[in-house]
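Q: Please take a close look at one part of this structure, the place where two elements cross and pack together. I'd also like to see how that place compares with the other packed pairs and with the links between them.

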Amino acid sequence: CSNVFSMFEQSQIQEFKEAFGCIDQDRDGVIKKQDLKETYGQLGKLNVNDEELDAMLNEGKGPINFTVFLCSMMVCFPPGTDPEDTILAAFKLFDPNGTGFVNKDEFKRLLMNQADKFTAEEVDQAFALAPIDPTGNIDYKSLCYTITHGDEKEES
């Protein structure tokens, strides 16, 4: 992982640096347990326990600075892959017909019963960013764009 900076394009490194900055809540250049706890809280996941956080931090095998963070991004986003495509691929698992939408209620049920088991309040907070149409479907393509590019709506 010594040449990690040469593995990504400059624009990708900048995106990862912004993501790192969002997680490094106290801006000290190292991601610690409190940083993770606050980040999860902002995402609506309030019941993350210390054991889960410790397990995440222990994967770094030392202080998680930006270089270590960037090395971990190589696993999630190997050079040449697009983060937006990766997130879209994950959502497509819940959209076998390729409509570009997932049903809000079904997705909420999955979030509350699988893996990290979100609470109803946490799901509602997560859905606050999601573009949901009147029939209760989440436009996950728009959501993925917002996740990877930010909310870039122009003000006039």
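A: What follows starts from the chain as a whole, settles on one helix pair, and then moves outward.

Happy to! Please keep in mind that this is a predicted model. The chain holds nine helices and two strands. Read from the N terminus, the elements go α-α-α-α-α-α-β-α-α-β-α. Of the 156 residues in the chain, 29% are buried. If you take the contacts with a separation of 6 or more, 57% join residues 24 or more positions apart.

The part to look at closely is the pairing of helix H6 (residues 83–92) with helix H9 (residues 140–149). Their axes come within 9 Å and cross at roughly 145 degrees, and the crossing is right-handed. On the H6 side, the contact is made by Pro83, Glu84, Ile87, Leu88, Phe91 and Lys92. H9 answers with Tyr140, Lys141, Leu143, Cys144, Tyr145, Ile147, Thr148 and His149. Sorted by class, the residues of this contact are nine nonpolar, two polar and three charged.

Two members of this contact deserve a second glance. Pro83, which sits in helix H6, has a relative accessible area of 12%, and because the cut-off for buried is under 20%, Pro83 counts as buried. Its partner for comparison is Cys144, one of the H9 residues in the contact. Cys144 has 0% relative accessibility, so Cys144 is buried as well. Pro83 and Cys144 are 61 residues apart along the chain, yet their C-alpha atoms are separated by 9.2 Å.

If you are thinking about cysteine chemistry, Cys22 makes a useful contrast to Cys144. Cys22 reaches 52% relative accessibility, and because exposed means over 50%, Cys22 counts as exposed. A search of the whole structure turns up zero disulfides.

Now let's put the first pair beside another one. Helix H7 (residues 104–113) packs on helix H8 (residues 120–127) at an angle of about 130 degrees, with the two axes 10 Å apart. That angle falls outside the roughly perpendicular range of 65 to 115 degrees and is not over 145, so H7 and H8 are oblique to each other. The crossing of H7 and H8 is right-handed. H7 contributes Lys104, Phe107, Lys108, Leu111 and Met112 to the contact, while H8 contributes Ala120, Val123, Asp124 and Phe127. These residues divide into six nonpolar and three charged, with no polar ones.

Asp124 is worth following out of that contact. Asp124 lies in helix H8 and counts as partly exposed because its relative accessibility is 45%, which lies between the 20% and 50% cut-offs. Asp124 and Gly44 are 80 residues apart along the chain, and their C-alpha atoms are separated by 7.9 Å.

A further pair is H3 with H4. Their axes come within 10 Å and cross at roughly 120 degrees, and this crossing is right-handed too. Lys33, Leu36, Lys37 and Tyr40 of H3 meet Asp50, Leu53, Asp54, Met56 and Leu57 of H4. By class, that contact has five nonpolar and four charged residues, and no polar ones.

Two loops round off the tour. Arg27 has its place in the loop between helix H2 (10–23) and helix H3 (33–42). Arg27 is not a glycine, but it has a positive phi of about 55 degrees. With a relative accessible area of 59%, over the 50% cut-off, Arg27 is therefore exposed.

Asn65 lies in the loop between helix H4 (50–58) and helix H5 (66–76). Asn65 is partly exposed, at a relative accessible area of 31%. Leaving aside residues up to four places away in sequence, Asn65 touches Phe20 and Gly29. Asn65 and Val30 are 35 residues apart in sequence, and from C-alpha to C-alpha they are 4.6 Å apart in space.

Back where we began, then: at the H6 and H9 contact, you can pick out buried Pro83 and buried Cys144 on your screen and look outward from there.

Methods: Residues are numbered from 1 along each chain as its sequence is written. This is a predicted model: local features need pLDDT of at least 70, side-chain atom pairs count only at pLDDT 80 or more; totals for chains, interfaces and linings use all residues. Side-chain values use heavy atoms; hydrogens and water are left out. A disulfide is a pair of cysteine sulfur atoms within 2.5 Å. Buried means under 20% relative accessible area, exposed over 50%, partly exposed in between (1.4 Å probe, protein chains only). Axes are lines fitted to C-alpha atoms, for helices over the stretch in contact, and angles run from 0 to 180 degrees between N-to-C directions. Helices (H or I, at least four residues) and strands (E, at least two) are DSSP runs, numbered from the N terminus. Angles under 35 degrees count as roughly parallel, over 145 as roughly antiparallel, 65 to 115 as roughly perpendicular and the rest as oblique. A crossing is left-handed if the near helix is turned anticlockwise from the far one by less than a right angle, and right-handed if clockwise. Contact means heavy atoms within 4.5 Å. Ala, Val, Leu, Ile, Met, Phe, Trp, Tyr, Cys and Pro count as nonpolar, Asp, Glu, Lys and Arg as charged, and the others, Gly among them, as polar.
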